[in-house]
Amino acid sequence: MFADARPRRFGIFASCLVAGVAIATALTSTLAPSAFDAAGALVEAPPAAPPAVEAVAQPTPVSPFEWAEITIRRNDTLDAIFRQMELSLADLAELRSLPDVRRSLDRLRPGDIITLTHLDGELKSLTRRMSDTATLSVTRSDDGFSANIIENPLEIEQTALAGTIDSSLFVAVNRAGGSDTLAVTLAEVFRYDIDFVNEVQPGDSFAVAYEQQWQDGEYVRDGEIAAAEFVNKGKTFRAVRYVMPDGSAEYFTPDGHSVRKAFLRFPVEFGRISSGFNLARRHPVLNRVRAHKGIDFAAPVGTAIKAAGSGRVSFRGVKGGYGNAVILSHAGGVTTLYGHMSRFARGLSVGDKVKQGEVIGYVGMTGLATGPHLHYEYRVDGVHRNPAKVPLPKAESIPAHLRADFEARTAPLLAQLDSISASSPTRVAQNIP
Ligand SMILES: [Zn+2]
């Protein structure tokens, strides 16, 4: 109850300090006897010392290093932390003057962990995890602080799994030994072709060849999917990852077509279609027949709205019944419109280039709207088309000059898929007793 009444920060510090004291106590109790032994050995030669000197020779408790682990919270600065812990600000200034350390220390992110040891506020050592693979370590020696970066690389292991869905993709991936992240990534790879919210059904199956990241013999997380297969309602989709010469990675079908389309079907995540494209709909607010030349996606206020395709902002502002709206112009005479936004993405203005998937605003109910939703329109040469049905232009295929490299690199991945996939003829053959 008492701890609850205090701010959490102090709770954390208190427990760190208690841990520090506990360690210190342990150190003291193990160090003390050996100190006695050393003293005893020294006392052997000379005769017993006068009582006064003996009193001075009493072992004083070893002054403990205190140890603390600090989890960075929003708006924390090292300065504030040093002041709060009553650590030497001169030490902090000296730390910051070390080459490279200032940069490594000043950019704190919430959740970062800093551990340090000090003696009466005088810093002895400090470590900060910079990334999964690098830790900054600063220690004090006689001639001041010295810093180095300790590298601990991740080991990448290639693995594969397959399964069949009977309730959900998550359950099926988990049962096959994969993580939730893997399930999400798998759904992302095929998001242009398969609607994972509404279209996946029992009997659908998947096979994935992917990376696992390990460090010091421990599993860290799942990495990239190298190749994947999804069989949806009997139709097989396959994708392989290929790294382009500029370092960007994309998924292609085995014959080299990008699995990506030039447009997203759903410019808002987790939205549910609440009103479809309908040229003779009774308007819910105006209560008269008025064509609904777009799709409504119901989603909570504040849900991010993404640019359906790459293009340029041609309108950003209030547009009659659309409320706060953004219009994007794309290649091929396509324009997309996003209405009823609660707010626009910070800094978005007319003329800006946007990339497919980039957040342009947030769901709201400005203009003529009965509830929070995104109103989305797709026009080709000014003519409204149904965004749910219009054939979407494909993203570019593997360029001819990369074709040979693409095939050489993806062949083993596809072979790996073949070896585990339930739909694969090889696998079926292997299963025959
Ligand atoms: Zn609408």
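## Helix α8 and what it sits on

The buried residues of helix α8 pack against α7 (169-175), β7, β8, β9 and β10. That's a handy place to start with this predicted model. Which residues of α8 are buried? Leu182, Ala183, Leu186 and Val189 are. Around the axis they cover an arc of only 125°, which puts them on the same side of α8. An α-helix has 3.6 residues a turn, so residues three or four places apart point the same way.

Turn to the face of α8 that points away from its buried side, and you'll find the exposed residues Asp180, Thr181 and Glu188. The helix itself takes in residues 180-189 and lies across β7 (205-215), β8 (218-232), β9 and β10. Its direction runs at about 40° to β8.

## The five-strand sheet

The sheet under α8 is an open one, with its five strands in the order β6-β7-β8-β9-β10 and antiparallel pairing. Which strands stand at its edges? They are β6 (155-164) and β10 (249-252), each pairing on one side only. On average, and with direction ignored, neighbouring strands of this sheet are turned by 30° against each other.

Now for the β10 end. Strand β9 (residues 235-243) is joined to β10 by four bridges, and the two run antiparallel. In that pairing, Val240 stands opposite Phe252 in β10.

## Helix α9, kink included

Helix α9 (residues 403-420) packs on this sheet as well, touching β6, β7, β8 and β9. The direction of α9 makes about 140° with that of β9. The buried residues here are Thr410, Leu413 and Leu417, and what covers them includes β7, β8 and β9.

Where does α9 bend? There is a kink of about 35° at Thr410, shortly before the proline Pro412. Thr410 is thus a residue to look at twice, being one of the buried residues of α9 too. As for the end-to-end length, the 18 residues of α9 should span 26 Å at 1.5 Å a residue, and the end C-alpha atoms are indeed 26 Å apart, so the two agree.

## Arg238, a buried arginine

Arg238 has its place in strand β9. Is this residue buried or exposed? Arg238 counts as buried, because it has 23 C-beta neighbours inside 10 Å and the cut-off for buried is 20 or more.

Who are its contacts? Leaving aside neighbours within four places in sequence, Arg238 is in contact with Glu229, Thr253, Pro254 and Leu417. Leu417 has come up already, as one of the buried residues of α9. The C-alpha atoms of Arg238 and Ala227 are separated by 7.5 Å, with the two residues sitting 11 apart along the chain.

## Two hairpins that share β3

Earlier in the chain, strand β2 (residues 113-119) and strand β3 (residues 122-129) run antiparallel, joined by six bridges. Ile114 stands opposite Arg128 in β3. These two strands form a hairpin with two residues between them, and Asp120 in the turn has a positive phi of about 50°.

β3 then does the job again with strand β4 (residues 134-141): five bridges join the antiparallel pair. Here Leu126 stands opposite Val138 in β4. How many residues lie between β3 and β4 in their hairpin? There are four. In general, strands of a sheet pair through backbone hydrogen bonds, either parallel or antiparallel.

## A three-strand sheet

Another open sheet has three strands in the order β13-β19-β17, and the pairing is antiparallel. β13 (304-306) and β17 (343-344) stand at the edges with a single partner strand each, so one side of each is left without a neighbour in the sheet.

β13 pairs with strand β19 (residues 359-362) in the antiparallel sense over three bridges. One partnership to pick out is that of Lys306, whose bridge partner in β19 is Val359.

## The chain overall

Zooming out, the chain has 10 helices and 21 strands. How much of the chain is buried? Of its 433 residues, 25% count as buried. Looking at contacts with a separation of 6 or more, residues 24 or more positions apart account for 60% of them.

Key: Residues numbered from 1 in each chain as written. Predicted model: local features only at pLDDT ≥ 70, side-chain atom pairs only at ≥ 80, totals over all residues. Pairing = 2+ DSSP bridges. Axes fitted to C-alpha atoms, helices over the stretch in contact; angles between N-to-C directions. Contact = placed C-beta atoms within 7 Å. Buried ≥ 20, exposed ≤ 12 C-beta atoms within 10 Å, placed from the backbone. Arc of directions from axis to C-beta. Expected span 1.5 Å × (residues − 1). Bend = angle between axes of the 7 residues up to and from the residue.
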